[in-house]
Amino acid sequence: MKNFSDVPEDPDTTILAQAEVEIGDLPALYQSWSWEGILAESVIFHSGDVAGVSDEALLQMVQDSYTILEDKFTIKRGSEGYVFVNFNFRLHEDLLDSESAGDLKQS
């Protein structure tokens with residue numbers, strides 16, 4: 001599997017979990033992350049591996065492996081040799097509110 005050690009990182013982003021995975025036959029890096037109260041997930045490919053793949057086909061490849069909640073996603077190409085498919089954006093406070101509501105229902 002290709003190395004993902006030089007994936008660019010935003011200094012304000014906290015990586016919560018990551019793992020090297022395969023999407024179809026392509027090596028990729030999965031990340032779960034937090035940035036300024038937003039939680040989201042990314043699948044990161046080497047640009048050369050998906051150069052001829054349309055955004056629609058790339059999104060479908062990710063959807064075949066991960067559940068994408070709603071139709072909120074971004075695809076960022078050309079970021080220092082990587083392509084980022086970002087999805088499942090949620091506000092941290094919304095998750096806390098739903099967890100609190102769940103706690104109240106269990107009481």
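Let me start with one atom pair: a polar atom in the side chain of asparagine 88 lies 2.9 Å from the backbone oxygen of threonine 67. Please keep in mind that this is a predicted model. I will stay with asparagine 88 for a moment and then move outwards.

Where does asparagine 88 sit? It is part of strand β5, which covers residues 82-91. Is asparagine 88 buried or exposed? The cut-off for buried is under 20% relative accessible area. Asparagine 88 has 4% relative accessibility, so it counts as buried. If we ignore residues within four places in sequence, asparagine 88 is in contact with Leu39, Ala40, Glu41, Thr67, Ile68, Leu69 and Lys72. Threonine 67, whose backbone oxygen I began with, is in that list. The backbone of asparagine 88 also deserves a remark: its phi is near 55 degrees, which is a positive value in a residue other than glycine.

Now the overall layout. The chain contains 2 helices and 5 strands. In sequence order the pattern reads β-β-β-α-β-β-α. There are 107 residues, and buried ones account for 33% of them. Take the contacts between residues at least 6 apart in sequence: 44% of these join residues that are at least 24 apart.

Next, the strand pairing, beginning with β1 and β2. Strand β1 holds residues 13-23 and strand β2 holds residues 26-35. The two run antiparallel and are joined by 10 bridges. Within this pair, isoleucine 15 is opposite tryptophan 33 of β2. The two strands form a hairpin with 2 residues between them. Glycine 24 is in that turn, and its phi is positive, at about 65 degrees.

One residue of β2 I would point to is serine 32. Its relative accessibility is 15%, and on that basis serine 32 counts as buried. Setting aside neighbours within four places in sequence, serine 32 is in contact with Thr14, Ile15, Leu16, Ala17, Ala40 and Glu41. Ala40 and Glu41 have come up before, as contacts of asparagine 88.

On to β2 and β3. These pair in the antiparallel sense, over 7 bridges. Here leucine 29 stands across from isoleucine 44 of β3. This is a hairpin too, again with 2 residues between the strands. Which residue takes a positive phi in this hairpin? It is glutamate 36, with a value near 50 degrees. Glutamate 36 lies in the loop between β2 and β3, and it is a residue other than glycine with a positive phi. Unlike the residues I have called buried, glutamate 36 counts as exposed, because its relative accessibility is 60%.

Strand β3 itself runs over residues 38-46. How many of its residues are buried? The count is 8 of the 9, so β3 is largely enclosed by the rest of the structure. Histidine 46 belongs to this strand. With 14% relative accessibility, histidine 46 counts as buried.

That brings us back to β5. Strands β3 and β5 pair in the antiparallel sense, over 8 bridges. The bridge partner of histidine 46 in β5 is tyrosine 82. Tyr82 also appears among the residues that histidine 46 touches, along with Lys2, Asn3, Phe4 and Gly81, when residues up to four places away in sequence are not counted. Measuring sequence against space, histidine 46 and phenylalanine 84 are 38 residues apart along the chain, and their C-alpha atoms are 9.0 Å apart.

Phenylalanine 84 leads to my last topic, the pockets. Rolling a probe the size of a water molecule over the atoms shows where empty space is left. The largest pocket has about 410 Å³ of space. Its lining is made of 17 residues, and those nearest its centre are Pro8, Asp10, Thr13, Phe84 and Asn86. Which elements give two or more residues to this lining? They are β1, β2, β4, which is residues 73-79, and β5. Sorted by class, the lining has 7 nonpolar, 6 polar and 4 charged residues.

To close, back to the start: asparagine 88 is in β5, and β5 is among the elements that line the largest pocket.

Conventions:
Residues numbered from 1 in each chain as written. Predicted model: local features only at pLDDT ≥ 70, side-chain atom pairs only at ≥ 80, totals over all residues. Heavy atoms only, no water. Helix = DSSP H or I, 4+ residues; strand = E, 2+ residues; numbered from the N terminus. Buried < 20%, exposed > 50% of the residue type's maximum accessible area, 1.4 Å probe, protein only. Polar contact = N/O pair within 3.5 Å; in protein donor to acceptor, adjacent residues only side chain to side chain. Contact = heavy atoms within 4.5 Å. Pairing = 2+ DSSP bridges. 1 Å grid on protein atoms, 1.4 Å probe; cavity = no way out; pocket = protein on both sides within 12 Å on 5 of 7 lines; lining within 4 Å. Points joined across faces, edges and corners; volume = space filled by probe spheres on them. Nonpolar A, V, L, I, M, F, W, Y, C, P; charged D, E, K, R; others polar.
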